[in-house]
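The following points are offered as a colleague's note on the model shown below. They proceed from overall composition to the domains and then to one set of paired strands.

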Amino acid sequence: MRSAILASGQLISANEYTPEIHGSQILCMDPSCKAPVIFVPSSDTISSHFKTSGKGESIHAINCGFFQSLSFQDSVAKVTEYQNIIQNSSKELVVRINMNAIDPDYKPRAVEREEKEKEKKDGQEVKIKKEQTPPQTVSSLRSVKKLFTSYGPDVLASIIISIKGTKVPISYLIRNYKEAHEALWTDKLNQNLPYFVHGVIEWVIRRDKVWYINFVNEDNCLYSLVIFEKYFKHFTYKDDELKGKEILAYGYLKKNTFSKEKQSTEMQIKSNSYIEFL
Ligand SMILES: [Zn+2]
């Protein structure tokens, strides 16, 4: 873990920690854990960090975000929790999200194509150097998934996402479908932004002009991914490949105002690349 709590309750990052100034009493930053941790200085191969010794009380609690590697869903939940703790700290990482490339309607301009080539080269260099800092640009759902399963929840909680010219905390953009649905219908969602929403697919309806992929209908939450006829050729998953699967989907959220009694949320997707299996 890259952050810990001092005896004073102050959050400290491993880069800034100096034993002489901050004292040797350091605790895990997870509010439900607070196990004593030790400082590991940086070396040629690793960045400085904090860890438990595994002896006595220095063991993470079972529900601590550092107890074990987290699944995508658990990681998202912990990041939301930690975001409040991290928010006041000065350090923040900006990750740019640009999903233009997955859109079948998108025609890249020559300049952007060049930039993309350049990004590819830069990306490779970064990989060789160090895997400890999150990438600067993310352009696919697979990379979003990788981000959440490769970095600790404290590092993720310090990420600010830059998307469509707006900056938002990472936990604002990536949500469980029920939370996203509720936020939309209580007008707490910025509808000019696309979101990353995860949930389990329950059933699929294929009509002549439109297909609906529905998340599990629980707690009065009706949430459908919608594919229009124009995009059928880009979406090749069969019903069996979708039903019962936990996925991450990308798109803009829209209230379906067709039914007056039921609140139902729609998210238009255009191809296989708009979903990622978790
Ligand atoms: Zn802990």
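1. Burial and extent. This is a predicted model. Of the protein's 278 residues, 28% count as buried. Along the principal axes, the C-alpha atoms occupy a box of roughly 70 × 45 × 35 Å.

2. Secondary structure and contact order. The protein contains eight helices and 17 strands. Among contacts with a separation of 6 or more, 60% are made by residues 24 or more positions apart.

3. Domains. The assignment gives domain 1 (3–66), domain 2 (93–172) and domain 3 (174–277). In the contact between domain 1 and domain 2, five residues come from domain 1 and four residues from domain 2. The side of domain 1 that touches domain 2 comprises two nonpolar and three polar residues, with no charged residues.

4. The hairpin of strands 12 and 13. Strand 12 (residues 210–215) pairs with strand 13 (residues 222–228) in the antiparallel sense, over five bridges. One bridge joins N214 to S224 in strand 13. Six residues lie between the two strands of this hairpin, and D219 in the turn has a positive phi of about 50°.

5. The further partner of strand 13. In which sense do strand 13 and strand 16 pair, parallel or antiparallel? The pairing with strand 16 (residues 264–268) is parallel and extends over five bridges. Within it, L222 stands opposite S264 of strand 16. Strand 13 thus takes part in an antiparallel pairing with strand 12 and a parallel pairing with strand 16.

Conventions
Residues are numbered from 1 along each chain as its sequence is written. This is a predicted model: local features need pLDDT of at least 70, side-chain atom pairs count only at pLDDT 80 or more; totals for chains, interfaces and linings use all residues. Domain bounds come from an automatic or database domain assignment. Two residues are in contact if their C-beta atoms, placed from the backbone, lie within 7 Å. Ala, Val, Leu, Ile, Met, Phe, Trp, Tyr, Cys and Pro count as nonpolar, Asp, Glu, Lys and Arg as charged, and the others, Gly among them, as polar. Two strands pair if DSSP finds at least two bridges between them. Helices (H or I, at least four residues) and strands (E, at least two) are DSSP runs, numbered from the N terminus. A residue is buried if 20 or more other C-beta atoms lie within 10 Å of its own, exposed if 12 or fewer, and partly exposed in between; C-beta atoms are placed from the backbone.
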